[in-house]
Amino acid sequence: MRCVVTAGPTFEPLDQVRRLTNHSTGRLGSELTSYLTACGHEVTLLIGQQATWRGERDAMRVETFTTTDNLRLRLRALADEGWDAVLHAAAVSDFTFGKAFSRDAKGELHELRVGKLSTRGEPLLVELVPTAKIISDLRGWFPRATLVGWKYEVDGLRDEVIEKASRQIFENQTDACVANGPAYGDGFGLVTPEGCEAIVQADALYRALAEFIGS
């Protein structure tokens, strides 16, 4: 099978020297890529430039991405290549930066347009603007592929995370979602329209995903 795996974080530039990013090493997506390759699949890995995991990335092709828009463009460029599965594990930033302002002694705001925001002087205020959801476009780009998303949650209960994962599947016409994070608790949940399979270890998750996309 021909598979695309996304892994690691996107980043969003505040100015020419500072960035907003997510806590993601890219390890899970990289290991999943190596597992699928070992199973005989032809895998392209799209991995964030800021990923810190330095283990093996055994793939037919490895490309790096930067911002959310850059990852979107790279996925869109692959859309016509007849993929069988897309496993979207990347930690995509939910926000990008809008305008930046300084606040003077009178409380008035002044928009800043500089290459590097000053760290001295008045307090700064910066807009956070939601990014467009890449997962919502995957079905249109890969109409025949098996699509697997991720849902990492920090707050809430396990049942709530599973419900959010189920909603992601329904709203984006994907086939499955991997639920994890502190709110989910130990291990992973492989959520499908039929229910949730609890998986304890990462290697068992890779095996379950390989079986799922091949079924």
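**Exercise 1. Find the accessibility class of Arg167, then describe its salt bridge.**

Step 1. Arg167 has a relative accessibility of 39% and counts as partly exposed. The classes are buried (under 20% relative accessible area), exposed (over 50%) and partly exposed (in between), with a 1.4 Å probe and protein chains only.

Step 2. The model is predicted, so local features need pLDDT of at least 70 and side-chain atom pairs pLDDT 80 or more, while totals for chains, interfaces and linings use all residues. Residues are numbered from 1 along each chain as its sequence is written, and side-chain values use heavy atoms, with hydrogens and water left out.

Step 3. The partner of Arg167 is Glu163, with N to O at 4.0 Å. A salt bridge is a side-chain nitrogen of Lys or Arg within 4 Å of a carboxyl oxygen of Asp or Glu. Glu163 is partly exposed at 42%.

Step 4. Both residues belong to helix 4 (residues 158-172), four residues apart, about one turn of the helix. Helices (H or I, at least four residues) and strands (E, at least two) are DSSP runs, numbered from the N terminus.

**Exercise 2. How many salt bridges does the whole structure hold, and where do Glu81 and Arg61 lie?**

Step 1. The search of the whole structure gives 14 salt bridges.

Step 2. One of them joins the side chains of Glu81 and Arg61, at 3.6 Å from N to O. This pair links distant parts of the chain, 20 residues apart: Glu81 is in the loop between helix 2 (68-77) and strand 6 (85-88), and Arg61 is in strand 5 (residues 61-65).

Step 3. Glu81 is partly exposed at 34%, and Arg61 is partly exposed at 28%.

**Exercise 3. Is each partner in the salt bridge of Lys151 and Glu153 buried or partly exposed?**

Step 1. The closest N and O atoms of Lys151 and Glu153 are 4.0 Å apart.

Step 2. Lys151 has 21% relative accessibility and counts as partly exposed, whereas Glu153, at 15%, counts as buried.

**Exercise 4. Describe the largest pocket and its lining.**

Step 1. The volume is about 1200 Å³. On a 1 Å grid over the protein atoms alone, a pocket is an open set of points where a 1.4 Å probe fits, with protein on both sides within 12 Å along at least five of seven lines; lining residues have an atom within 4 Å of a point. Grid points are joined across faces, edges and corners, and the volume is the space filled by probe spheres set on them.

Step 2. Of the 40 lining residues, Ala90, Ala91, Val92, Trp150 and Tyr152 are the closest to the centre.

Step 3. Helix 4 gives the largest share of the lining, five residues.

**Exercise 5. How many disulfides are there, and why is Cys196 not bonded to Cys177?**

Step 1. The structure has zero disulfides; a disulfide is a pair of cysteine sulfur atoms within 2.5 Å.

Step 2. The closest cysteine sulfur to that of Cys196 is in Cys177, at 9.4 Å, which is too far for a bond. Cys196 is partly exposed at 33%.

**Exercise 6. Which strands pair with strand 7 (residues 95-103)?**

Step 1. Strand 9 (residues 124-130) runs antiparallel to strand 7, joined by six bridges. Two strands pair if DSSP finds at least two bridges between them. Phe95 stands opposite Pro130.

Step 2. Strand 8 (residues 109-112) also pairs with strand 7 in the antiparallel sense, over four bridges. Here Arg103 stands opposite Leu109.
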